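Reader: Could you take me closely through one part of this fold, the sheet and the aromatic side chains that go with it? I would like to follow it pair by pair, and then to see where it leads.

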Amino acid sequence: MKISVGSFVLTAAALVSAHYTFPDFIMNGQPTSDWQYVRETANHYSNGPVTDVTNEALRCYELDYSATAPATSVATVQAGSTVGFQANGAIYHPGYLAVYMSPATPAANSPNAGTGNTWFKIWQKLPTVDGSTLTSDTTDSTFTFTIPKDLPSGPYLIRGEQIALHVASTFGGAQFAILKVPQFYIGCAQVNVTNGGSGTPGPLVSIPGVYTGNEPGILINIYDLPSGFVYQPPGPTVWSG
Ligand SMILES: *[C@@H]1O[C@H](CO)[C@@H](O)[C@H](O)[C@H]1NC(C)=O
Ligand SMILES: [Cu+2]
């Protein structure tokens, strides 16, 4: 495959190289099997990202919107415990990591779970500023976080996301505007939370809807930061219970 942009021709290999997925949910300190508790994503073969913040795929990127959820198991996890996601390789693009949760009605394996204004953020990891460049740990393949102790018990989706920011400037110049897009890597685990509390999670957002794509933390040239730059994470503030 070749994609022509003006007088330039980019090979598919240069564009695709390798990306990643988050197929393994981590619980009890161990990664579980591929797609056991994480809804299998449409990029399970290509590893390619979601690039359109208005697309339904931004929610959980399922292979099939009706069949994937019921085909995926539901993990039982305790509020206050540490869980996570493991990628199928290093998360080697610099970017911003976030984890959202949504109550799942009527069950965690319901295809319609998370389709409303129901998502809240429980964790994030900001990229770090190194001189005029924004970086992140590009050798790690996992990220772990705590399920808030005050979260009420019940069925939930846990959505891990990395917003890879390396492409925002790679093909600089207005002529390449179509290629200047962030890359969203996504996985949704299905869980039943037990031993929870009586907190009220928020602020709530819908996904898609949470991002416009024009946020300073998304539309950014990470290789040419102004001095004194401070990264502004996109989306709602973190609810930690
Ligand atoms: C999760 O909880 C629901 C009730 O909310 C129950 O029907 C289901 O069996 C539970 N699933 C697992 C795997 O424990
Ligand atoms: Cu990639």
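**The sheet and its aromatic residues**

Author: A good place to enter is Ile 26, which stands opposite Gly 84 in strand S6. Before going further, please keep in mind that this is a predicted model, in which local features need pLDDT of at least 70 and side-chain atom pairs count only at pLDDT 80 or more, while totals for chains, interfaces and linings use all residues. Residues are numbered from 1 along each chain as its sequence is written, chains are lettered from A and ligands numbered from 1 in the order in which they are written, and side-chain values use heavy atoms, with hydrogens and water left out.

Asp 24 has its bridge partner in S6 as well, namely Gln 86. In total, 3 bridges join S3 to S6, and the two strands run antiparallel; strands here are DSSP runs of E with at least two residues, helices are runs of H or I with at least four, both numbered from the N terminus, and two strands count as paired if DSSP finds at least two bridges between them. S6 also pairs with S11 in the antiparallel sense, over 5 bridges, and there Phe 85 has Phe 143 in S11 as its bridge partner. Put together, the strands make an open sheet of 4 with antiparallel pairing, in the order S4-S3-S6-S11. Strand S4 (30-31) and S11 stand at the edges with a single partner strand each, so one side of each is left without a neighbour in the sheet.

Phe 85 leads from the backbone to the side chains, where 14 aromatic pairs are counted. Rings of Phe, Tyr and Trp (its six-membered ring) pair if their centres lie within 6.5 Å, and planes under 30 degrees apart count as stacked, over 60 as edge-to-face and the rest as tilted. Phe 22 and Phe 85 have ring centres 6.5 Å apart and planes at 45°, so this pair is tilted. It joins distant parts of the chain, 63 residues apart, with Phe 22 in the loop between H1 and S3 and Phe 85 in strand S6. Both Phe 22 and Phe 85 are buried, where buried means under 20% relative accessible area, exposed over 50% and partly exposed in between (1.4 Å probe, protein chains only).

Another tilted pair is formed by Trp 123 and Phe 145, at 6.0 Å centre to centre and 35° between the planes. Here the link spans 22 residues, from Trp 123 in strand S8 (residues 120-125) to Phe 145 in strand S11 (residues 142-146), and Trp 123 and Phe 145 are buried too. One aromatic cluster takes in both pairs, together with Tyr 20, Phe 25, Tyr 92, Phe 143 and Tyr 185.

The loop that holds Phe 22 also brings us to the copper ion (ligand 2), whose protein donors are His 19 (ND1) and His 93 (NE2), 1.8 to 2.0 Å from the metal. Donors are N, O and S atoms within 2.8 Å of the metal (3.2 Å for Na, K and Ca), and since water is not among the atoms, sites may look incomplete. These two donors are 74 residues apart, His 19 lying between helix H1 (12-16) and strand S3 (24-27), and His 93 in the loop between strand S6 (82-86) and strand S7 (95-103). His 19 is buried at a relative accessible area of 10%, and His 93 is buried at 7%.
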